[in-house]
Every structure is written in structure tokens, then in C-alpha cells.
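The following exercises concern a single protein chain. Each task is followed by a solution that proceeds step by step.

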Amino acid sequence: MKLKTEKIKELIAQIETIIIAVQQEENEAEGLLSQIHPDYHKSARNLIHYNAFRKFDLRDIQKKLQNLGLTRLAKAEGHLMSSLLKTRFILYSLIGELPAENLKAGLSIKNGKRLLTNHTKELLGNRSKGRRVRIMVTLPTQAAYDYQMVHNMVLNGMNCARINCAHDNPAIWEQIIQNVKTASETLKRKVKITMDLAGPKIRTGSIIPGPKVRKFSPKRNESGVVVNPALLVLVPELKDTSEPNALPVGLGWLQKLELGDKFTLKDTRGKQRKLKVVKVGEQQVLLHCNKTSYISTGTILKCRNREIPDGVIGELPAIEQSILLMTNDILTITKGDTFGYPAKFDEEGNLIEPASISCQLPEVFDRIKKGETILFDDGKIEGRAENVYPDRIDLRIVRANENGSKLKAEKGMNFPTTYLGISGLTEKDKIDLKFVVEHADVVNFSFVNSKKDVEELLTELEKLNAIDKLSIILKIETRFAFDNLFEILLSAMKVKYIGVMIARGDLAVETGWDAIGKVQEEILTLCGAAHVPVVWATQVLESFAKKGLPSRAEITDATASLKAECVMLNKGPYINDVLLLLNKILSHMEQFHEKNEKMLPRMEKL
């Protein structure tokens, strides 16, 4: 018994050490707390408590508490001081003593949950019947013209409509918003309007255009016999030629063609090919060819069966080029708007010049250091900076597919180990923000990396007299945003209502696929301590939205969103089917989960 008492006293001493550290950190933050919005004052104080608490390695204490049948403090983030003091009081009671001082308990469990509930309601609107987690949906351009689609989204459970300012324009945004408001009023369901500022785009530049040529091939069976000839579609030169089978010609010449006309041409390889007109329309003529043909701008069409002038193929779009990269290749990243190109070799296969591509953000070259990592195309290609110059970076490719990976223009670039120091608020964002202030309830702030970024956004909102009008959702999508989240939250708490979006796709690329599980859990707990609502984002039921069929992994992932206050869906042709399924999943699972606490209703058969 004496040994047990000594162990409990040792545990009490460990708890008291933590309490003292928590109190000290709060005292040091009094100046900061004075700047917090009154609605978040208690939450900010609790966040500071939790930040001090997590500076300790708590695993030993947790095991000891568990052995005594007490709380392990694993889910105490929303009411930390109260849980610490209650745990200490119980430990003293086990040895028949009382604490030497009676400290103020702070937020109770009930009040901590109430704060999060209130903040969620103000930021994201009323919850739908039968579920706590809200659903945010990214609206496509079609939502501006298809009211019924928007109506069905609201009917099927959309709580928040998301518009991405990286796409479309104010006229389309305004029409989308009007359709959402009309549907909301008709169905008597309040839907919050959230708008994403695009933020800086770090992408690869242009690649030297390919040849202006199109390939046409017949379909053959296993024996090589043609079963379907190649289809060529002649269209007027001013018409859209983005369709892969379209070939532009002069309208006057096109109108001379008749059913059954026969033509010859020489393709880019000098091969003579025969074509036959099989259908004539007002704005297009269809021809068949039984052999593979490569047809380029300027190709001559000669009629074989009657006297008409030769036809000439007009301007074709250049083939989009890519750069094939293998592990251990060198890729030169250049500064400025220059065309990229594949590696160049001599006749013996010796490298003459490595592949090159530009980066659209020149600030990168002032920040990156030798040995740092650059990722391309959602992390599909990885390189290390071998040499850094004022106007270029020599990058060694350290990860690519076994047979090489193709890098194209306009692909995303990530710099997970480099602090770029660029503002998350571009000049375009500042212009778009004026529209957002006038028309939206919430601004989703992209590419936030530090408290300085938050302060810059708040300054712009003050200029627009919107500091108390517009709520903010902070998109956490970089390693630096995760590392600085504590300071970012405290800076944002100067306004009335804030939230956090876990951009899991970008975060996975930035922090590594092996770390994303830990990272998203840490964000959830830190936001839980701040009573800040979390939006669970990126690729939720994505294949279902695009293809009409969910995977098993997607269903499990959707269930995991119960840890958050809101789940975000991206656009897709099957989005209303996704809404119906997600609404059902969240409603059915609600009885088993309350935030991150497992609930145990009576077990029933399906």
C-alpha cells in the first residue's frame, strides 16, 4: 500500500509540473490574449494551455493514469486545465489528501464543447437534421446556368457552397450565388457562401510546342485486317479544331465536296494515302482512310474523280509536349518566361544538354538552397537541388517511374523544405476580395504559411471595413503552415469567426505520405483546443463524383470525416449522388461518433 501511495505521489508531482508550466505560459501570453476577439478569448487561453501541455512527453503519465483506471488526457484538448485539475484532485483523493491550492478550473468539458458548437454554427451555418458534420460542395461553372442542379444540391444536404476564384469570373460567380440563394429560400435552408482566394500559383512554365500534326489510324482486328477505317472530319477554318479528328479547310472549298469524292495526299512521312468522302453536311465533311496517316498544317488534298481545286489543311494546334525524366537525370529549372525542352543527345546517345523547364514564380530562385527538395505534379516526380544560381537551378531527379515520368507545362511545383517567404495574398486576390466581401459569408484563405500572412489578410479586410463581417477559413496546405499553426490560429482569433481547412492532398505532398496521418490528427487536436471548426478536404468520394462509383477506401475515408465539423466535396457529374450517399453515411455513423469520441448505442442487426 505504501508503494502504491508513493507511485501516486510521484504521478501527482508530474501532473503539478505540467500545471505550473501551463500557468506560466498563460501568464507570458497576457499581452497577446488582450488582442483576441472576446468570442475567442476563452478558446485562445485554452489553446495556449494545450500548446504548453504538448511540450511534454506524456506517454509515461498516460500509462500510469490508465493503470489506475483514470482518464489518459488523450481527448482533453478542448478543456485542458479543467481535466488536469480534476485528474490531480482524484489522485489526491486516492491517498486521502487534498491539493495545497484550489486553482480555478477553467473551461468545463460541457462548456468547451458548447464553444465549438457555437463557433461551428456561426461559421458554417445550421447543421442538417440527423447529422453534426456539415457538407461543403465546390460548385462548377455549370451551377451558373443550371438552377435545377443547384436546387438538388441544397435539397440533398449541401450546407456550404464553395466557389473557387481561380476559375471563371465575377459575372459567373454572381450567377452561381444567386442560384444558391434562390434554392435556399425556396427550400427554406440557409446555405453559407464560401469563396476561395486563388493564392500564388507555383507551376512549371511552357514547353516548346510540338509539331502541328494529327495522327489518324484505322481499327484493325487481331489479324491486322481493317474493321473500321480512320475517320477524318473536314471543318471550316474558323471553327473549333480541338476535336482530335478535325481538320480545318477553307469554307468555299469545303462546300464543293460531294458524297463519294476520292482524294489523295502525302502525309508527313511522304506516304501516299487515299481518302473517300462518306458523308456531307453543311459545316463538315466526313472521310474514311484505310491506312495510318500523319497529317500536318499545309497538307495538300488532290481530288481523283473530278476536276476541283486542291484543298489545303489549315492551321492545326501544336501537339502538347512533355519532358521524359528518369531517376538520376538532371533537369534545369530556369527563371523567366522561356520555353522548356527535352534533353538533347548526340548520335551516339551522349547527353549534349539536359532537359529544361521554367518556374512561373521568380521568387523561388532567391530562397532555395543546395540540397533542398522540389516536387512536381502532386509529388509524382522528386528532385534535389545540386547547384543553385541566380537564374537557374540544376536539379537531380531522385524519384520517377521505372520507365520514366512525363513532366508537362502548367504542373504544380512544391518546395516542402524551402521557406519561400511569399505572401499568400496576390494582387488578383486583393481585387477578388472586394467581390468576396460583398457577396460571400466566408473567405477561404489559400497558401497561408505564417501569422504574417494572416495579418496581411486582416489588413486588407480592415481597408474594406469587413473585419467583423467576413469569416475566415485558413487552408492548411504546406509544411510551414502546419509548423506555424499555433501562431496562425492566435493571429486569426482577432476576428469573430474562423475555421481551418485541412488540404490533405497538398499536405501529403508537402509532408510526405508517411506523415499525413499524423499531421491531420495534430491539426484536428490543435483546432479542438482552440474550439475552431475543421473542414476535411481533398478528394473525398472523388472517383464517385467523377465516375459514378465509389471505392471501398473512399467510403472509409468519408467516415473518417466525422472527426471534423465539415467535409468538402469537389465537383463532378455525379455530385448529387455523392451528396445523397455522404448524407446517409454521416447520419448513420453519427450515433457511433461524437467528434473524436466513440459512442456505444445498443447493438442492432442490419
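**Exercise 1. Internal space**

Determine how many cavities of 30 Å³ or more the structure holds, and state which residues line the largest.

Solution. Step 1: the model, which is predicted, holds 1 cavity of 30 Å³ or more. Step 2: the space in the largest cavity amounts to about 60 Å³. Step 3: its lining consists of T138, L139, P140, T141, I163, N164, H167, D168, I176 and K571. Step 4: some of these residues can be placed in elements. T138 falls in strand β1 (residues 134-138), I163 and N164 belong to strand β2, and I176 lies within the range of helix α8 (residues 170-187).

**Exercise 2. Strand β2 and its surroundings**

Establish whether the residues of strand β2 are buried or exposed, and identify the strands with which β2 pairs.

Solution. Step 1: strand β2 spans residues 160-164, and 5 of its 5 residues are buried. Step 2: consider the two faces separately. C160, R162 and N164 lie on one side, A161 and I163 lie on the other, and all are buried, which leaves both faces covered. Step 3: β1 pairs with β2 in the parallel sense over 3 bridges, and M136 has C160 as its bridge partner in β2. Step 4: β2 also pairs with β3 in the parallel sense, here over 5 bridges; the bridge partner of R162 in β3 is T194. Step 5: trace the connections. A right-handed β-α-β unit is made by β1, helix α7 (residues 147-155) and β2. A further right-handed β-α-β unit consists of β2, helix α8 and β3.

**Exercise 3. The largest pocket**

State how much space lies in the largest pocket and which element gives the most to its lining.

Solution. Step 1: the largest pocket holds about 1,400 Å³ of space. Step 2: 48 residues line this pocket, and those closest to its centre are K201, R203, D378, E477 and D506. Step 3: two or more lining residues come from each of β2, β24 (413-414), β27 (498-503), α15 (504-511) and α17 (542-547). Step 4: the greatest contribution is that of α15, with 4 residues.

**Exercise 4. A mixed sheet and strand β13**

Give the order of the strands in the open sheet of 7 strands, and explain why one side of β8 and of β14 is left without a neighbour.

Solution. Step 1: the order is β8-β7-β11-β10-β9-β13-β14, and the pairing is mixed. Step 2: β8 (246-249) and β14 stand at the edges with a single partner strand each, so each has one side without a neighbour in the sheet. Step 3: examine β13 (residues 300-303). L301 and C303 point to one face and are buried, whereas I300 and K302 point to the other and are not. This follows a general pattern: in a regular strand the side chains alternate between the two faces of the sheet. Step 4: β13 runs antiparallel to strand β9 (residues 262-266), to which 2 bridges join it; F263 has C303 as its bridge partner in β13. Step 5: 2 bridges also join β13 to strand β14 (residues 311-312), again antiparallel, and the bridge partner of I300 in β14 is V312.

**Exercise 5. Two individual residues**

Decide whether H119 is buried or exposed, and find the place of N328.

Solution. Step 1: H119 sits in helix α6 (residues 109-124). Step 2: a residue counts as buried under 20% relative accessible area; H119 has 3% and is therefore buried. Step 3: apart from neighbours within four places in sequence, H119 is in contact with D39, Y40, S43, Y497, H531 and P533. Step 4: N328 lies in the loop between β15 (323-325) and β16 (330-335). Step 5: N328 and V398 are 70 residues apart in sequence, yet their C-alpha atoms are 5.8 Å apart. With neighbours within four places set aside, N328 is in contact with R396 and I397.

**Exercise 6. Confidence**

Identify which element has the lowest mean pLDDT.

Solution. Step 1: the protein chain has a mean pLDDT of 89, with 96% of its residues at 70 or more. Step 2: among the elements, strand β31 (residues 597-598) has the lowest mean, 52, and strand β3 (residues 192-196) the highest, 96. Step 3: the pLDDT is below 50 over residues 598-606, a stretch with 7 contacts in the model beyond near neighbours in sequence. Step 4: where pLDDT is low, the predicted coordinates should not be read in detail.

Key: Residues are numbered from 1 along each chain as its sequence is written. This is a predicted model: local features need pLDDT of at least 70, side-chain atom pairs count only at pLDDT 80 or more; totals for chains, interfaces and linings use all residues. Side-chain values use heavy atoms; hydrogens and water are left out. pLDDT is the predictor's confidence in each residue, from 0 to 100. Contact means heavy atoms within 4.5 Å. Buried means under 20% relative accessible area, exposed over 50%, partly exposed in between (1.4 Å probe, protein chains only). Two strands pair if DSSP finds at least two bridges between them. A crossover is right-handed if, with the strands pointing away from the viewer, the path from the first strand over the helix to the second runs clockwise. On a 1 Å grid over the protein atoms alone, a cavity is a set of points where a 1.4 Å probe fits but cannot get out, and a pocket is an open set with protein on both sides within 12 Å along at least five of seven lines; lining residues have an atom within 4 Å of a point. Grid points are joined across faces, edges and corners, and a volume is the space filled by probe spheres set on the points.
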